[in-house]
Amino acid sequence: MKYCKRFFCALLACAMLLLCGCGAKKNDSGSSKNLKELDVVLDWYPNALHSFLYVAIEKGYYADEGLKVNIRFPSNANDAISLVAAGQADIGLYYQQDVIQARAEQNVPVKSIGAVVQGPLNIVLSLKDKNITSAKDLVGKTIGYAGTELSEALIRSIMQYVGADYSDVTMVDVGFDLMSSMTTGNVDATIGCLVNHEVPQMEEEGFEVNWFALDSYGVPTYYEGVFLANDDAIASDSETLSAFLRASAKGFADMKADPEGALKTLLANQNEENFPLSETVERKSMGVLLPMMETDSAAFLSQSDACWQENIDWMLQQGLIAKAPALDDVRVNLKF
C-alpha cells in the first residue's frame with residue numbers, strides 16, 4: 001500500500017504549501033451549528049483500520065461530545081503529520097517511528113495522544129515457494145522495499161539479530177510495487193507490506209504466501225498507528241482532544257462487539273474512486289486488527305513509556321536519529 005512509504009525530507013515543503021491552501025481532501029461527516037468541527041487526517045484512504053471512526057460518526061458518539069468530525073484523506077504522503085504540525089488539521093493518524101524522527105531531526109511540533117494499533121503490521125512477505133519463513137532464510141536473497149531508510153534499518157537489525165550481515169541480502173528499491181515485484185519474480189521477498197492488507201489481498205488473488213513479524217527478530221514492538229495533535233492544541237485545548245479519544249474508544253468498542261456491522265459502515269464510506277475495497281479482504285483485515293488494537297495488557301489508545309523509549313533507543317542505535325528526543329516531546333497521555 002502506498003502509505004507504507006514515508007517522506008520526511010518534504011515535510012517543510014508541505015508546510016509551505018499549506019500557506020497556499022494545499023492539503024488533504026475533506027470528507028464531511030454530518031453537520032450542526034452547535035458542534036465544534038474537528039479535522040482528522042487519515043494515513044491513507046478508508047480501510048478496516050479506520051472502521052471505528054466511521055462507527056463513532058454513525059452512532060453519534062462524536063456529536064455526543066460536542067464534535068463534528070471531518071475525515072480527510074491525504075493528498076501527500078505525510079499530510080497527517082505536516083497538516084497537524086502547521087495547524088491546518090486537528091488530529092492526524094500516522095506512525096510512531098516517524099513521530100520520533102520528525103521531533104528529533106526537525107523539532108516538528110506534534111505529539112502522539114494515543115496508539116491505535118498496539119503492534120507492528122509491517123512484515124517480511126514472500127511467495128510460499130521461496131521457502132522464506134525466518135530472517136535466516138533471507139541470506140543470499142533479494143528484498144524489495146520502498147526505498148526508505150527505515151526499511152533498510154529494519155532489515156539490517158533483523159539480520160544482525162540472527163548472526164548474519166546486512167551485506168548478505170540485496171535491497172531493491174521497487175517503489176510502490178511491492179506485491180507485483182514478488183509475483184513477477186523480480187525479488188524474493190519484500191518489506192513494507194502489511195499483514196492485515198497485502199496478505200489477504202494476495203491470498204484473494206490466488207497466491208500462497210509466507211510472512212514473519214519483525215519484532216520476532218530483535219526489532220522493538222512499535223505502534224503501527226498513533227493519533228497526533230499539535231503542541232499548541234495539547235496545551236490549550238486538551239479537553240477537545242480527550243473528547244475525541246472518548247468517542248473513538250466507544251466506536252472501537254462497537255467495532256469489537258459487532259465486526260460485521262462495522263464492516264458494513266466502512267464499506268458505505270469507502271473511497272471507491274481512489275481505493276475501492278474488497279469486502280472479503282477488509283473482513284480478514286479486521287480479524288487481524290482487532291486483537292492488535294487492544295490486547296490483554298494494553299487498552300485501545302493506551303501507550304507506554306517503555307514502548308516509546310525502546311523505539312527511541314533503537315532508532316538512535318540504527319542511525320535513524322542523531323539525538324534522542326525526550327519522552328514528553330513525542331507523547332502525551334491525556335485523560336479520557
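This passage looks at the aromatic rings of a predicted model and at the parts of the chain that they bring together.

It helps to start with the setting. In an unreviewed UniProt entry, residues 48–262 carry the annotation "domain: SsuA/THI5-like". Across residues 48–262, helix makes up 40% of the chain and strand 23%, while the end C-alpha atoms are 9 Å apart.

Twelve aromatic pairs were counted in the model. One of them joins Phe52 and Phe227, whose ring centres are 6.1 Å apart with 65° between the planes, an edge-to-face arrangement. The two partners come from distant parts of the chain: Phe52 belongs to helix α2 (residues 51–58) and Phe227 to strand β11 (residues 225–230), with 175 residues separating them. Phe52 has 0% relative accessibility, so this residue counts as buried. Phe227 is buried too, because its relative accessibility is also 0%.

Phe52 has another partner, Phe300. Here the ring centres are 5.1 Å apart and the planes meet at 80°; since an angle over 60 degrees counts as edge-to-face, the pair of Phe52 and Phe300 is therefore classed that way. Phe300 sits in the loop between α12 (279–293) and α13 (305–317), so its pairing with Phe52 in helix α2 ties together parts that are 248 residues apart in sequence. Like Phe52, Phe300 is buried.

These contacts belong to a wider group: ring pairs link Phe52, Tyr62, Phe227, Phe244, Phe252 and Phe300 into a cluster.

A charged residue also meets a ring in this model. Arg156 lies over the face of Tyr166, 5.7 Å from the ring centre.

Methods:
Residues numbered from 1 in each chain as written. Predicted model: local features only at pLDDT ≥ 70, side-chain atom pairs only at ≥ 80, totals over all residues. Heavy atoms only, no water. UniProt positions renumbered as here; feature names shortened; annotations may be inferred. Helix = DSSP H or I, 4+ residues; strand = E, 2+ residues; numbered from the N terminus. Phe/Tyr/Trp six-rings, centres within 6.5 Å; stacked < 30°, edge-to-face > 60°. Buried < 20%, exposed > 50% of the residue type's maximum accessible area, 1.4 Å probe, protein only. Lys NZ or Arg CZ within 6 Å of the ring centre and 35° of its normal.
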